[in-house]
Amino acid sequence: TRALHDTMDPSPTDGSSLLHRGHAKLSSYSEKESQKHSHALATELLDKHVESQPVETSNKSWFQRLGDALWGVLIGLFIIIPFSISLLWVNERRNAQLESLVSVGQSEASTVQTTQADLADCDGTLVHLNSESARGLDPVADA
């Protein structure tokens, strides 16, 4: 209100122009004061609510980064590569066993025609049916 009293000139006779000039001065004064006040309030709130924690920075030298890279290489050479080789070894051994079983089965299997009446010779042996008319009792499905 002090700004309003300072800007009002007691000599003018027109009350509306006096009030208008005083309001214009008051509004410009209020904008500047409100900006200062809001800035001060924002600074105060930031100081209160944002806890200042010390910032810690660290730098790694070139040799430290090189050492980290060498550790990664050593881990790869002595852990990952041997694990991979052992996994491949187990898989190849399983594949070789399966392949030998299939070859033994092919050599021992006897082909049976569906027109043969006496199949007593084939009990306990691996047989191969070679006919389009041979059908299973149940449809073949995965378990």
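**Exercise 1.** In which helix is the place of Leu-74? Then classify its exposure and find its surface patch.

*Solution.* The model is predicted.
Step 1. Leu-74 sits in helix α3, which covers residues 62-108.
Step 2. Its relative accessible area is 37%. Partly exposed lies between the buried limit of 20% and the exposed limit of 50%, so Leu-74 is partly exposed.
Step 3. Nonpolar patches take residues with over 30% relative accessible area. Leu-74 belongs to a nonpolar surface patch of about 1000 Å². Its other members include Trp-71, Val-73, Ile-75, Leu-77 and Phe-78. Ile-79, Ile-80, Ile-81 and Ile-85 also belong to the patch.

**Exercise 2.** Find the partner of Lys-60 in a salt bridge, and classify both residues by exposure.

*Solution.*
Step 1. Side chains of opposite charge can pair when their charged atoms come close.
Step 2. The partner is Asp-68, with the closest N and O atoms 2.7 Å apart. The cut-off is 4 Å, so the pair qualifies as a salt bridge.
Step 3. The count of salt bridges is 1.
Step 4. Lys-60 has 53% relative accessibility, so this residue is exposed. Asp-68 has 41%, so this residue is partly exposed.

**Exercise 3.** Count the aromatic pairs. Then give the geometry and the exposure of the residues involved.

*Solution.*
Step 1. The count is 1 aromatic pair. Trp-62 and Phe-63 form this pair, 5.3 Å centre to centre.
Step 2. The planes stand at 85 degrees. Over 60 counts as edge-to-face, so the Trp-62 and Phe-63 pair is edge-to-face.
Step 3. Trp-62 is exposed because its relative accessibility is 52%. Phe-63 is exposed too, at 64%.

Methods
Residues are numbered from 1 along each chain as its sequence is written. This is a predicted model: local features need pLDDT of at least 70, side-chain atom pairs count only at pLDDT 80 or more; totals for chains, interfaces and linings use all residues. Side-chain values use heavy atoms; hydrogens and water are left out. Patches are made of residues with over 30% relative accessible area and no salt bridge: like charges are joined within 9 Å, nonpolar side chains (Val, Leu, Ile, Met, Phe, Trp, Tyr) within 5 Å. Accessible areas come from the Shrake-Rupley method with a 1.4 Å probe; for residues, only the protein chains shown count as cover. A salt bridge is a side-chain nitrogen of Lys or Arg within 4 Å of a carboxyl oxygen of Asp or Glu. Helices (H or I, at least four residues) and strands (E, at least two) are DSSP runs, numbered from the N terminus. Buried means under 20% relative accessible area, exposed over 50%, partly exposed in between (1.4 Å probe, protein chains only). Rings of Phe, Tyr and Trp (its six-membered ring) pair if their centres lie within 6.5 Å; planes under 30 degrees apart count as stacked, over 60 as edge-to-face and the rest as tilted.
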